[in-house]
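Please read the following account with the sequence and the coordinates open side by side. The paragraphs move from loops to helix packing and then to the surroundings of the ligand.

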Amino acid sequence: MSKLVMVRHGQSEWNAKNLFNGWIDTKLSPVGIQQARDAGNLLAETGIEFDQAYTSVLTRAIQTLHLVLEEDGQLWIPEEKSWRLNERNYGALQGLNKADAAEKWGDDQVHQWRRSYDVLPPMLDDYEETVTVDGETYASFDRRYADVPKDELPLGENLKVTLERVMPYWDEKISKDLKAGKNVIIAAHGNSLRALAKHIEKISDDDITGLEIANGQPIVYDLDDNLDVVSKTVLSGE
Ligand SMILES: O=C(O)[C@H](O)COP(=O)(O)O
């Protein structure tokens, strides 16, 4: 039996502005910093002793992991970062306002892009595309992806493709730790965690559209030796 805790990063600066974030590297907002600290305190109350941490290569998830573990008194545990735990790449939607997009393309289309299992967003044209928001220009990709083969780097993803790139990491790293009885914490993103939850909880392609994961609310799974879910608790402090 092992414990898996998944926590979505706290509110990012772009979450606060209601912008499609995806792989654009934004920081936590002040609210997000507090959410991450609160999540750490909630976890401290559970007394779970972690053996290993995983996170993405995006700042908002890394900041969250560190704030959570600091509050929880376990900042010292081993941690590993991987692009495979990144948010879903939102392609050409990145940097656009979600409400403006719904006005332009309609609520249904935007809902399909955001929550369907297999509808792709409009894709980026190439790896050099940048996005400018409030006078600041952000790269779609930078040197942190230098070692990733180009044919594995997405120019836009639906949840299905996100799941397909998360799974090798789950199989090679995370599930092995859990099967060895280690307690694991993952700080990642709304859609990379929806993908993992789909796999862990065996949620159907249709039902996954209804799963929302809130910023900074740790999901605690007790898993048996086959990594089947024995219990699931969402810590919200409310
Ligand atoms: O990338 C983003 O914009 C969010 O973190 C997740 O967005 P969603 O809820 O629209 O999928």
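In which loop is Leu227 found? This is a predicted model, and in it Leu227 belongs to the loop between β7 and β8, the latter strand spanning residues 229–234. The backbone of Leu227 deserves attention, since phi is near 65 degrees, a positive value in a residue other than glycine. As for its surroundings, Leu227 has 16 other C-beta atoms within 10 Å and is therefore partly exposed, given that the exposed class ends at 12 or fewer and the buried class begins at 20 or more.

A positive phi also occurs at Lys202, where the value is about 55 degrees although the residue is not a glycine. Lys202 comes after α7 and is found in the loop between that helix and β7, a strand covering residues 219–223. Because Lys202 has 10 C-beta neighbours inside 10 Å, it counts as exposed.

The helix that precedes Lys202 is mostly covered, with 8 of the 11 residues of α7 buried. The buried residues of α7 are Asn191, Ser192, Leu193, Arg194, Ala195, Leu196, Lys198 and Ile200, so that charged side chains such as Arg194 and Lys198 are listed beside nonpolar ones such as Leu193 and Ile200. The elements that cover these buried residues include the strands β1 (2–8), β6 (184–188), β7 and β8, together with the helix α6.

The packing of α6 against α7 can be described in further detail. Two packed helices are described by the angle between their axes and the distance between the axes. For α6 (residues 159–179) and α7 (residues 190–200), the angle is about 70 degrees and the axes are 9 Å apart, which means that α6 is roughly perpendicular to α7. On the α6 side, the contact involves Leu159, Thr162, Leu163, Val166, Met167 and Trp170, which meet Asn191, Ser192, Arg194, Ala195, Leu196, Lys198 and His199 in α7. Sorted by class, the residues of this contact of α6 with α7 comprise 7 nonpolar, 4 polar and 2 charged.

Another helix pair is formed by α2 (residues 30–46) and α3 (residues 59–71), which pack at an angle of about 40 degrees with their axes 7 Å apart. That angle makes α2 oblique to α3, and α2 passes α3 in a right-handed crossing. From α2 the contact draws on Ile33, Ala36, Arg37, Ala39, Gly40, Asn41, Leu43 and Ala44, while α3 contributes Gln63, Thr64, Leu67, Val68, Leu69, Glu70 and Glu71. These residues of the contact of α2 with α3 divide into 8 nonpolar, 4 polar and 3 charged.

Which residues lie around the ligand? They are Phe20, Asn21, Gly22, Glu87, Tyr90, Arg114, His189, Gly190 and Asn191, and by class this shell has 2 nonpolar, 5 polar and 2 charged residues. Asn191 links this part of the description to the preceding ones, as Asn191 is among the buried residues of α7 and is also one of the α7 residues that meet α6.

From Asn191 one may turn to Asp147, which is found in the loop between β5 (136–139) and α6. The two residues are 44 residues apart along the chain, and their C-alpha atoms are separated by 23 Å. Whereas Asn191 is buried, Asp147 is exposed, with 7 other C-beta atoms within 10 Å.

Terms used. Residues numbered from 1 in each chain as written. Predicted model: local features only at pLDDT ≥ 70, side-chain atom pairs only at ≥ 80, totals over all residues. Axes fitted to C-alpha atoms, helices over the stretch in contact; angles between N-to-C directions. Helix = DSSP H or I, 4+ residues; strand = E, 2+ residues; numbered from the N terminus. Parallel < 35°, antiparallel > 145°, perpendicular 65-115°, else oblique. Left-handed = near helix turned anticlockwise from the far one by under 90°. Contact = placed C-beta atoms within 7 Å. Near = placed C-beta within 6 Å.
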